[in-house]
Structure formats: structure tokens, C-alpha cells
Amino acid sequence: MNFVAMDFETANAKRDSACSLALTVVRNNQISDEFYTLIKSESDFFWRNVQIHGIHEADVADAPKFPDVWQHIAPFFQRDRLVIAHNAPFDIGVLRNTLAHYGISAPEYLSMDTVKTSQRFYPELPNHKLDTVCQALDIDLQHHHNALDDSLACANILLTEAQAFGTEQLKPFVRVQG
């Protein structure tokens, strides 16, 4: 399998307030690369979000704005590329809204939500939050709500599911975005 796992953290409840992003790149069923950056959000930071992810406004003061980040990551978002996320509607929404905020056209790409796959393959779990699924599958999740650790955990969930159930069982979960 080849895919990219994506995770955003936001400064507040607005979907265009990205303050960090991580991508975990998987090629031939192996994690081959990781990307992490803080993002200078043009939104105010809400105390609750800071409490969750630990990123403060001062932490992103010298970080790049999203258009600069997009130049580096745009090649991962293409019509034939799979981008996954745990609770994908959130991360896809952050990407879409942040692109729109800067007047950048949203790309067409394939997506998959590992919340949906885990609900299908592990219905016995009490919930399908990232930490719950990781614990059940014995996947190391060092710092929940750190974008890099979360994207790595998400990648490992899909790799575990592909190994246990086969890639054909995953195909119905693929959606087209853009």
C-alpha cells in the first residue's frame, strides 16, 4: 500500500485555523518519510485547543503561513493519491477551509477515514477514538494530539488493518475529495 496519513491541530474551533500539520508517508507498506510543521495561524488561539495540543500562539510566531507549507505538500494531494486521517472529515475540512482562506483551489485526491475502517473491523471497541484503537491494536501512541504522533498512529492503524483483512476489504472506504 502507498498512502499518506495526515493530521492537523487547530488554534480554535474554526476549520481554517491550522496551527500544526503532520504527514506520514507510506510506500510499499513501509513508513518511508514524515513531515511536521507548526503553522502561523491568522486566528486567535482558544484556551481549550491549547490545553488539548499544547501549542501556544508564541510557538507559531516564526512558523510559516499555510501557503508556504502548501508548496511543499501539494504533490501528495493528487487524483491518484490516497490521503488518510483518523476522523478524516475534521482534517479534510481543515485542509479545505485553510486552502479557501488563502484563495487556493482545493485539489482532487482520494481519502479514507480510519475511524470508519476501525468501526467496521473492530465493532467490539467501546469507541473508535485514536487512542482507543491504538491501545486495542497495540500501536504505540506517544503523545496524543501531537500531529506527528497522531499521523504515525493513523498510518499504523491502516497498515495493521491491511495486513489483517487485506486491501480489497479497504477499497469500499475510499472517497474522492475535491
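The exercises below work through a predicted model of one protein chain, each with a solution in steps.

**Exercise 1. Overall fold and size**

Task: Determine how many helices and strands the protein chain has, in which pattern they follow one another, and how its radius of gyration relates to the globule rule.

Solution: Begin with the inventory, which gives six helices and six strands in the protein chain. Reading along the sequence then places these elements in the pattern β-β-β-α-α-β-α-β-α-α-α-β. The radius of gyration is 16 Å, close to the 16 Å that the globule rule gives for 178 residues, so the protein chain is as compact as a globular protein of that length. As a further description of its extent, the C-alpha atoms fill a box of roughly 45 × 35 × 25 Å along the principal axes.

**Exercise 2. Burial, contacts, surface and charge**

Task: Describe the protein chain by its buried fraction, its contacts, its accessible surface and its charges.

Solution: The first step is burial, and here buried residues account for 48% of the 178 residues. Next, among contacts with a separation of 6 or more, 67% are made by residues 24 or more positions apart. The accessible surface comes to about 9,100 Å², and carbon and sulfur atoms contribute 47% of that area. Finally, the chain carries 14 positive and 23 negative charges, whose mean positions lie 8 Å apart.

**Exercise 3. The two sides of helix α2**

Task: Work out which residues of helix α2 are buried, how they are arranged around the axis, and what they pack against.

Solution: In helix α2, which spans residues 66-73, the buried residues are Phe-66, Val-69, Trp-70 and Ile-73. Viewed down the axis of α2, these buried residues fall within an arc of 105°, so they line one face of the helix. The general background is that an α-helix has 3.6 residues a turn, so residues three or four places apart point the same way. The buried residues of α2 pack against the strands β1 (3-10), β2 (18-27) and β3 (30-38), and also against helix α3 (88-101). On the face turned away from this buried side, α2 carries the exposed residues Gln-71 and His-72.

**Exercise 4. Two buried residues**

Task: Establish where Val-4 and Asn-49 lie, whether each is buried or exposed, and which residues they contact beyond four places in sequence.

Solution: Val-4 belongs to strand β1, and its relative accessibility of 5% falls under the 20% cut-off, so Val-4 counts as buried. Leaving aside neighbours within four places, Val-4 contacts Leu-23, Thr-24, Val-25, Phe-76, Leu-82, Val-83 and Ile-84. A further relation in space is that the C-alpha atoms of Val-4 and Ala-155 are separated by 7.5 Å, although these residues are 151 residues apart along the chain.

Asn-49 lies in helix α1, residues 47-53, and at 13% relative accessibility Asn-49 is also buried. With residues up to four places away again not counted, Asn-49 touches Thr-10, Ala-11, Asn-12, Ala-13 and Gly-54.

**Exercise 5. Positive phi in loops**

Task: For Asn-28 and Asp-138, find the value of phi, the loop in which each lies, and whether each is buried or exposed.

Solution: The point of departure is that most residues other than glycine have a negative phi. Asn-28, however, has a positive phi near 50°, lies in the loop between β2 and β3, and is exposed with a relative accessible area of 61%. Asp-138 has a positive phi of about 60° although it is not a glycine, lies in the loop between α5 (130-137) and α6 (147-165), and counts as exposed at 73% relative accessibility.

Note on methods
Residues are numbered from 1 along each chain as its sequence is written. This is a predicted model: local features need pLDDT of at least 70, side-chain atom pairs count only at pLDDT 80 or more; totals for chains, interfaces and linings use all residues. Side-chain values use heavy atoms; hydrogens and water are left out. The radius of gyration is taken over C-alpha atoms; the globule rule is 2.2 Å times the number of residues to the power 0.38. Buried means under 20% relative accessible area, exposed over 50%, partly exposed in between (1.4 Å probe, protein chains only). Contact means heavy atoms within 4.5 Å. Accessible areas come from the Shrake-Rupley method with a 1.4 Å probe; for residues, only the protein chains shown count as cover. Lys and Arg count as positive and Asp and Glu as negative; His and the chain ends are not counted. The place of a charge is taken as NZ of Lys, CZ of Arg, CG of Asp or CD of Glu. The arc is that of the directions from the helix axis to the C-beta atoms.
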